[in-house]
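Dear colleague,

I am writing to hand over a structure for your consideration. Please find the sequence and the coordinates below, followed by an account of what was found.

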Amino acid sequence: MSTLDLVRQAKHAADDLSNSLASFYEDGYPAGLTNLTESQRQTLAKQLATLQQDLAKVGVGPLS
């Protein structure tokens, strides 16, 4: 897989995470919800892990 393909894959993972965050906020805030459900937390954790893995494939990792 080329580097650009890996970057596209990471962008897709970032979009998924961003869309979930926006959706959870837009659905919850007007309804007066102030906390995420366990299911929402699990979804975000999985999407974050996928994004981190995809970024690592192109040499991007946490700053130390």
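Which element supplies the largest share of the lining of the largest pocket? The answer is helix α1, from which four residues of that lining come. Please note before reading further that this is a predicted model.

The pocket

The largest pocket holds about 240 Å³ of space. Its lining is made up of Leu21, Phe24, Tyr25, Gly28, Tyr29, Leu33, Thr34, Asn35, Leu36, Thr37, Gln40 and Leu44. Both α1 and α2 supply at least two residues each to this lining. On the general principle, rolling a probe the size of a water molecule over the atoms shows where empty space is left.

Helix α1 and its buried residues

Helix α1 runs over residues 3–28 and so has 26 residues by the DSSP assignment. From its first C-alpha to its last, α1 reaches 37 Å, close to the 38 Å expected at 1.5 Å a residue. The buried residues of this helix are Leu6, Ala10, Ala13, Leu17, Ser20, Phe24 and Gly28. Against which element do the buried residues of α1 pack? They pack against α2, which covers residues 38–57.

The nonpolar core

Five residues make up the largest nonpolar core: Ala13, Leu17, Phe24, Leu44 and Leu51. The elements that give two or more residues to this core are α1 and α2. Of these, α1 gives the most, with three residues. Leu44, a member of the core, also lines the largest pocket. If residues up to four places away in sequence are set aside, Leu44 touches Leu17, Ser20, Leu21, Phe24 and Leu36. Phe24 likewise belongs to the core and to the pocket lining.

Salt bridges

How many salt bridges does the structure hold? There are three. As a general matter, side chains of opposite charge can pair when their charged atoms come close.

The side chains of Asp5 and Arg8 meet in one salt bridge, with an N to O distance of 2.8 Å. Both residues lie in helix α1, three residues apart, or about one turn of the helix. Asp5 is partly exposed, because its relative accessible area is 28%, while Arg8 counts as exposed because its relative accessibility is 54%.

Another salt bridge joins Lys11 and Asp15, whose closest N and O atoms are 2.5 Å apart. These two residues also lie in α1, four residues apart, which is about one turn of the helix. Asp15 counts as partly exposed, because its relative accessibility is 30%. The C-alpha atoms of Asp15 and Leu51 are separated by 9.4 Å, with the two residues 36 apart along the chain.

The remaining salt bridge is formed by Lys57 and Asp54, with their closest N and O atoms 3.7 Å apart. Lys57 and Asp54 are separated by about one helical turn, because they are three residues apart in helix α2. Is the Lys57 side of this pair buried, exposed or partly exposed? Lys57 is partly exposed, because its relative accessible area is 48%.

Asp54

Asp54, the partner of Lys57 in that salt bridge, lies in helix α2. Why does Asp54 count as buried? Its relative accessibility is 5%, and buried means under 20%, so Asp54 falls within that class. Not counting residues up to four places away in sequence, Asp54 touches Gln9, Ala10 and Ala13. Two of these contacts, Ala10 and Ala13, are among the buried residues of α1. The C-alpha atoms of Asp54 and Val7 are separated by 7.8 Å, although the two residues are 47 apart along the chain.

In summary

The buried residues of α1 pack against α2, and both helices give two or more residues to the largest nonpolar core. The two helices also each supply at least two residues to the lining of the largest pocket. Among the salt bridges, Asp5 with Arg8 and Lys11 with Asp15 lie in α1, whereas Lys57 and Asp54 lie in α2.

With kind regards

How values were computed: Residues are numbered from 1 along each chain as its sequence is written. This is a predicted model: local features need pLDDT of at least 70, side-chain atom pairs count only at pLDDT 80 or more; totals for chains, interfaces and linings use all residues. Side-chain values use heavy atoms; hydrogens and water are left out. The expected span of a helix is 1.5 Å times one less than its number of residues. Buried means under 20% relative accessible area, exposed over 50%, partly exposed in between (1.4 Å probe, protein chains only). Contact means heavy atoms within 4.5 Å. A salt bridge is a side-chain nitrogen of Lys or Arg within 4 Å of a carboxyl oxygen of Asp or Glu. A nonpolar core is a set of buried Ala, Val, Leu, Ile, Met, Phe, Trp, Tyr and Cys residues joined through side-chain atoms within 4.5 Å. On a 1 Å grid over the protein atoms alone, a cavity is a set of points where a 1.4 Å probe fits but cannot get out, and a pocket is an open set with protein on both sides within 12 Å along at least five of seven lines; lining residues have an atom within 4 Å of a point. Grid points are joined across faces, edges and corners, and a volume is the space filled by probe spheres set on the points.
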